[in-house]
Amino acid sequence: MPVIAPRKAYRVGRSKTGLGLFATMPIKKGTRIIRYFGPILDSRIPEHDEIENKYLFELNNRWTIDGSVRKNLARYINHSCRPNAESDVRPRERKVYIRAIKNIEPGDEINYDYGTDYFKAYLKPIGCKCPSCENKRKKQRAEARAERAKVKARAERKAQKAGAKTTAAKKKKLNGKHFAGKVGRAKA
């Protein structure tokens, strides 16, 4: 039997991606944090199959939980490509629990991987905003800036070299006549 987190082990708060669920006390790896709940929808009923919101949690091909209910605090758990929790789906019981897969410290945001279907439908068009993806994009932008600076510096050096050659060529050639380096007055 998994350990269940104390009643106030989490709170809803502001995160970089909107609202999120944050730990208020240490949560050990393997602890059941919260239950994802709401009305159970049957995909065989056309009215249920037409419901569209971001809080639908698919149990299997037939059953889905509509987590848009206000009391469902688990709906505030955000996506992360490197999560600290995971969903424990129990289709026969029609229940979903969120369980810690790492030790979570107070103040840390609780997050889990939403899966490829949700990612492709909702997150990929706008870009994943989880900390690991943000850091990856930040690193890529820094590398791109460094590469552009290198190319610019290379182009400036090349232009300086080309400019130095043309000024040297202009000094050697004066009025179409070549001089040995000394320019003097012509005697009449």
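Let's start at I34, which touches Y10, L21, L73, A74, I77, V96, Y97 and I98, leaving aside residues up to four places away in sequence. Keep in mind that what you are looking at is a predicted model.

I34 is also a good way into the core. The largest nonpolar core holds 21 residues, and I34 is listed with I27, I33, I77 and I110 as having the most contacts inside it. Strands β2 (18-23), β3 (32-36), β6 (63-66), β9 (95-100) and β10 (109-112) each put at least two residues into this core.

Now zoom out for a moment. The chain's secondary structure adds up to three helices and 12 strands. Of the 188 residues in the chain, 28% are buried. If you take contacts between residues at least 6 apart in sequence, 61% of them link residues at least 24 apart. The accessible surface of the chain is about 14,000 Å², and carbon and sulfur atoms account for 53% of that.

Back to the strands, with R32 next. This arginine sits in strand β3. R32 counts as buried because its relative accessibility is 9%, and the cut-off for buried is under 20%. For a contact from another part of the sequence, look at I4: the C-alpha atoms of R32 and I4 are 4.7 Å apart, with their positions 28 residues apart in sequence.

Strand β2 gives us L19. With a relative accessible area of 38%, L19 is partly exposed, so it falls between the 20% and 50% limits. Setting aside residues up to four places away in sequence, L19 touches V12, G13, R14, Y76 and N78. You can also check L19 against R75, which is 56 residues away along the chain; their C-alpha atoms are separated by 9.7 Å.

Next, follow the chain to strand β8 (residues 85-90), where D88 lies. D88 is buried, because its relative accessible area is 17% and the limit is 20%. What does the side chain of D88 make a polar contact with? The partner is the side chain of R90, at 3.1 Å. Beyond residues up to four places away in sequence, D88 touches K95, V96, Y97 and R99.

Between β8 and β9 there is a loop, and R94 is in it. Its backbone is worth a click: phi of R94 is near 60 degrees, a positive value in a residue that is not glycine. At 35% relative accessibility, R94 counts as partly exposed.

That leaves the empty space. Rolling a probe the size of a water molecule over the atoms shows where such space is left. The largest pocket has a volume of about 1,200 Å³. Its lining is made of 42 residues, and K54, L56, Y114, Y118 and Y122 lie nearest the centre. Which elements each supply at least two residues of that lining? They are β2, β4 (40-42), α1 (46-49), β5 (56-58), β7 (78-79) and α2 (116-123). Helix α2 provides the largest share of the lining, six residues. Strand β2 turns up twice on this tour, since it supplies at least two residues of the core and at least two residues of the pocket lining.

Notes
Residues numbered from 1 in each chain as written. Predicted model: local features only at pLDDT ≥ 70, side-chain atom pairs only at ≥ 80, totals over all residues. Heavy atoms only, no water. Helix = DSSP H or I, 4+ residues; strand = E, 2+ residues; numbered from the N terminus. Buried < 20%, exposed > 50% of the residue type's maximum accessible area, 1.4 Å probe, protein only. Polar contact = N/O pair within 3.5 Å; in protein donor to acceptor, adjacent residues only side chain to side chain. Contact = heavy atoms within 4.5 Å. Core = buried A, V, L, I, M, F, W, Y, C linked by side-chain atoms within 4.5 Å. Areas by Shrake-Rupley, 256 points an atom, 1.4 Å probe, with all protein chains shown as cover. 1 Å grid on protein atoms, 1.4 Å probe; cavity = no way out; pocket = protein on both sides within 12 Å on 5 of 7 lines; lining within 4 Å. Points joined across faces, edges and corners; volume = space filled by probe spheres on them.
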